[in-house]
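Hi everyone, thanks for coming. Please have a look at the structure on the screen, and we will walk through it together.

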Amino acid sequence: MYFFTVARIYRYPDDEISLQDVWTIADGELSAIGEKASESLQSIEKLADLHREVAWAAQALIEFADLADFTPSEKGRLLYKNYLYFEAVSALREATVGLLNGSPRASTGLLRTVLEMLMLHCWWQMRISRKGNSEQFDDWLAGQRAKPRFRDVIANNFEWLGIPREADATDHVDQTYRRLCSYVHAPIRRESVTILNQGNVGQVGVGVLRHWLSLARDVLLISLEQLVHLYPQCLFPVDIVRKFGFNPPVGMYFDKFNFVPLQAVFGEEAIETYRVRLKDREIVESAMNFHRSRPDLTREEILETWNEEDKSESSDERTDDVIALWFRTKAELRSISLLLTYSDPLGRHWLDRGTGEHDEE
């Protein structure tokens, strides 16, 4: 198996960002239609702001890969518990590329799959925590148990995650889901892609792009709120390298770079509201206490934690840039998490370091 991951650096919420950069969409992946559509997202005024919102939300979703831990269950199957999250991320990338290349119907229908998988990811994480074991999840993963009804997933998630139901929050999820279902079944006239596209010519028009971006934004905002409540430590970024060097506890913290997309998506006021409500959660208190209990490392001590086997043999490629090394570590940990999610633990490829150019970036 080969996995490609990118740990991208954004330093401020006003940084330049695009969906093509977020998803690392190469020029070769886009047709002539796709190249024109990608350009339109940034050059057409009525699309630019909405495109930027969706790009930041997509980047925020990607950052949660760093909170995927590798804890095994008694059966050894909990290694797969992040399966739905990674499937959803992959599906959203596919939906984005599909939209740009002129398949808006298929792409819009795929957004429903993304929402379902992310909501179900949160549901299963809470179910496993409440039950104290992953037996039911293992059975579902093996196709031996039916998945819960989506309406029950919504209701359970709001209750279990402690998400306030103010301002008709559950209604917003229901309405968004119904809008997405139209493109899996039979869209009514006002939802017609042909009408939104002002014809059936081979292009992705402004109406279609705006409609898709609006739906994608709602899907991502709903999903990110669920993830914030599932992993509330994401609201309290820490200097991971200062305390742990390049051997951090996996799946425990956000750093300041992880946090930037959340700031861009929610804004300071909403972030502070979340913090006030979630600061006393057990996972937040234990994570912050553990971080505070660790002594600060000097720069030299930090660099000493870099694994000698990972250092480039070429002196020209060696670096003592802590941030560069840290992002290489992030990419490697994300690759390992993907490997743990999709590989057979009994197979010969289990945790072997690949040599292919696409194993990690």
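Let me start with a term: a nonpolar core is a set of buried Ala, Val, Leu, Ile, Met, Phe, Trp, Tyr and Cys residues joined through side-chain atoms within 4.5 Å. Buried means under 20% relative accessible area, exposed means over 50%, and partly exposed is in between, using a 1.4 Å probe and protein chains only.

Two notes on where the values come from. This is a predicted model, in which local features need pLDDT of at least 70 and side-chain atom pairs count only at pLDDT 80 or more, while totals for chains, interfaces and linings use all residues. Residues are numbered from 1 along each chain as its sequence is written, and side-chain values use heavy atoms, with hydrogens and water left out.

Now, the overall picture. The chain has 15 helices and zero strands; these are DSSP runs, H or I of at least four residues for helices and E of at least two for strands, numbered from the N terminus. Of its 361 residues, 49% count as buried. The accessible surface of the chain is about 18,300 Å², and 47% of that belongs to carbon and sulfur atoms. Accessible areas come from the Shrake-Rupley method with a 1.4 Å probe, and for residues only the protein chains shown count as cover.

How do parts far apart in sequence meet? Contact means heavy atoms within 4.5 Å. Among contacts in the chain with a separation of 6 or more, 75% are between residues 24 or more positions apart.

So which residues sit at the heart of the contacts in the core? The largest nonpolar core has 112 residues, and the members that touch the most others are Leu-19, Trp-23, Leu-61, Phe-64, Leu-111, Val-228 and Leu-262. Take Val-228: leaving aside neighbours within four places in sequence, Val-228 is in contact with Phe-64, Cys-234, Leu-235, Leu-262, Phe-266, Tyr-274 and Leu-278.

Next, find Leu-115, in helix H5, residues 104-131. Is Leu-115 buried or exposed? Leu-115 counts as buried because its relative accessibility is 0%. Beyond residues up to four places away in sequence, Leu-115 touches Phe-150, Tyr-177, Leu-180, Val-219, Ile-222 and Ser-223. That last partner, Ser-223, belongs to helix H10, residues 206-230. Ser-223 has a relative accessible area of 2%, so Ser-223 is buried too. With the same neighbours in sequence left out, Ser-223 touches Leu-115 and Leu-118.

Now for the empty space. A cavity, found on a 1 Å grid over the protein atoms alone, is a set of points where a 1.4 Å probe fits but cannot get out, and lining residues have an atom within 4 Å of a point. Grid points are joined across faces, edges and corners, and a volume is the space filled by probe spheres set on the points. The structure holds two cavities of 30 Å³ or more, and the largest has about 170 Å³ of space. Of the 17 residues lining the largest cavity, Asp-66, Pro-249, Val-250, Gly-251 and Leu-333 are the closest to its centre. Helix H15, residues 322-342, gives the largest share of that lining, with five residues. By class, the lining has 11 nonpolar, three polar and three charged residues. Here Ala, Val, Leu, Ile, Met, Phe, Trp, Tyr, Cys and Pro count as nonpolar, Asp, Glu, Lys and Arg as charged, and the others, Gly among them, as polar.

Ser-337 also lies in helix H15. Ser-337 and Gly-251 are 86 residues apart in sequence and 9.8 Å apart in space, C-alpha to C-alpha.

Last stop: Thr-24, in the loop between H1 and helix H2 (32-43). Phi of Thr-24 is near 50°, a positive value in a residue other than glycine. Most residues other than glycine have a negative phi. Thanks for listening!

Conventions: On a 1 Å grid over the protein atoms alone, a cavity is a set of points where a 1.4 Å probe fits but cannot get out, and a pocket is an open set with protein on both sides within 12 Å along at least five of seven lines; lining residues have an atom within 4 Å of a point.
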